[in-house]
Amino acid sequence: MKIRLAEIPEDGRQFTFTRESGELNTALKDLLPAVPYKVDLTIRPLGNAYEMEGKVVTSLSELCSLCGWDLNLPLNRTFREVLVEEEETDRETHHVHGNQSVDFLSEGSSSTYKDGVFDAGEFVHELVAISEPMYPSCGDPDCEHLEEANAKRAELEAEFNKADVDEKTNPFAKLAGLKVEDTKSTNKKH
Ligand SMILES: [Zn+2]
């Protein structure tokens with residue numbers, strides 16, 4: 001969704017994008033493939049730049065980093081940015097541009113536009129991407145199913161170990177047997 005900034009009137013313009021209106025569906029399809037979302041955006045001219053504020057409301061489909069439980073985390077994020085024209089200096093540092101724009105976002109200060117066009121799809125995509133938690137958790141703040149998950153894990157481990165021991169032709173099972181005898185003889189020497 002590209003916004004031509006020259007078309008923004010003096011007193012600003014408000015935009016609303018949803019899954020139903022569809023303008024951002026393509027830009028967001030990797031992060032928000034199916035869930036509803038609503039993006040409110042107001043842009044106003046500010047000297048030779050533009051002021052933008054708004055809100056993203058949606059939910060993120062994640063897995064709990066500890067128990068693997070499916071999560072639907074609500075995302076309700078406001079933002080306030082100054083849109084500035086991308087300068088030539090940006091071309092000189094083109095290789096770090098990707099990192100730069102993320103820095104701008106996390107500071108909540110400024111974003112760039114190019115040739116009079118602001119890419120709202122790219123902006124919202126970045127905003128949603130940096131809002132994803134590094135270690136999502138099914139509880140607040142801790143995993144609610146940790147005990148259950150650990151018990152299940154221990155159960156599976158026990159089953160694997162049992163399968164190893166039962167497997168008579170498994171060389172590791174034989175090694176495990178030898179190791180036990182070794183330990184016993186070593187113990188006797190002491
Ligand atoms: Zn969990």
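Helices (H or I, at least four residues) and strands (E, at least two) are taken here as DSSP runs, numbered from the N terminus. Residues are numbered from 1 along each chain as its sequence is written. The model is a predicted one, where local features need pLDDT of at least 70, side-chain atom pairs count only at pLDDT 80 or more, and totals for chains, interfaces and linings use all residues.

On that basis, the protein comes out with six helices and seven strands. Going along the sequence, they follow the pattern β-β-α-β-β-β-α-α-β-β-α-α-α. Contacts (C-beta atoms, placed from the backbone, within 7 Å of each other) often link distant parts of the chain: of those with a separation of 6 or more, 62% join residues 24 or more positions apart.

Now for the sheet. Five strands form an open sheet in the order 2-3-4-5-6, with mixed pairing; two strands pair if DSSP finds at least two bridges between them. Strand 2 (13–18) and strand 6 sit at the edges, each pairing on one side only. On average, neighbouring strands of the sheet are turned by 30° against each other, direction ignored. Such angles run from 0 to 180 degrees between N-to-C directions, and the axes are lines fitted to C-alpha atoms, for helices over the stretch in contact.

Within the sheet, strand 4 (residues 49–63) and strand 5 (residues 70–85) are antiparallel and share 14 bridges. Glu 53 has Arg 80 of strand 5 as its bridge partner, while Leu 63 stands opposite Asp 70. The hairpin made by strands 4 and 5 has six residues between the strands, and Gly 68 takes a positive phi near 80° there. Strand 5 also runs parallel to strand 6 (residues 110–113), to which four bridges join it. Here Val 84 is paired with Thr 112 of strand 6.

What lies across strand 3, strand 4, strand 5 and strand 6? Helix 4 (residues 120–131) does, running at about 130° to strand 5. This helix has 12 residues and reaches 16 Å from its first C-alpha to its last, close to the 16 Å expected at 1.5 Å a residue; the expected span is 1.5 Å times one less than the number of residues. Buried in helix 4 are Ala 120, Phe 123, Val 124, Leu 127 and Val 128. A residue is buried if 20 or more other C-beta atoms, placed from the backbone, lie within 10 Å of its own, exposed if 12 or fewer, and partly exposed in between. These helix 4 residues fall on the same side because they cover an arc of only 130° around the axis, the arc being that of the directions from the helix axis to the C-beta atoms.

Across the protein's 190 residues, 15% count as buried. The largest nonpolar core (buried Ala, Val, Leu, Ile, Met, Phe, Trp, Tyr and Cys residues joined through C-beta atoms within 7 Å) has 21 residues, and those with the most contacts inside it are Leu 24, Leu 28, Val 39, Ala 120, Val 124 and Val 128. Strand 3, strand 4 and helix 4 each supply at least two residues of this core, with helix 4 giving the largest share, five residues. Leaving aside residues up to four places away in sequence, Leu 24 touches Met 1, Phe 17, Val 39, Gly 121 and Val 124.

One loop residue rounds out the picture. Asp 115 is found between strand 6 and strand 7 (117–119). Although not a glycine, Asp 115 has a positive phi of about 50°. Asp 115 counts as exposed because it has 9 C-beta neighbours inside 10 Å.

Methods
Contact = placed C-beta atoms within 7 Å.
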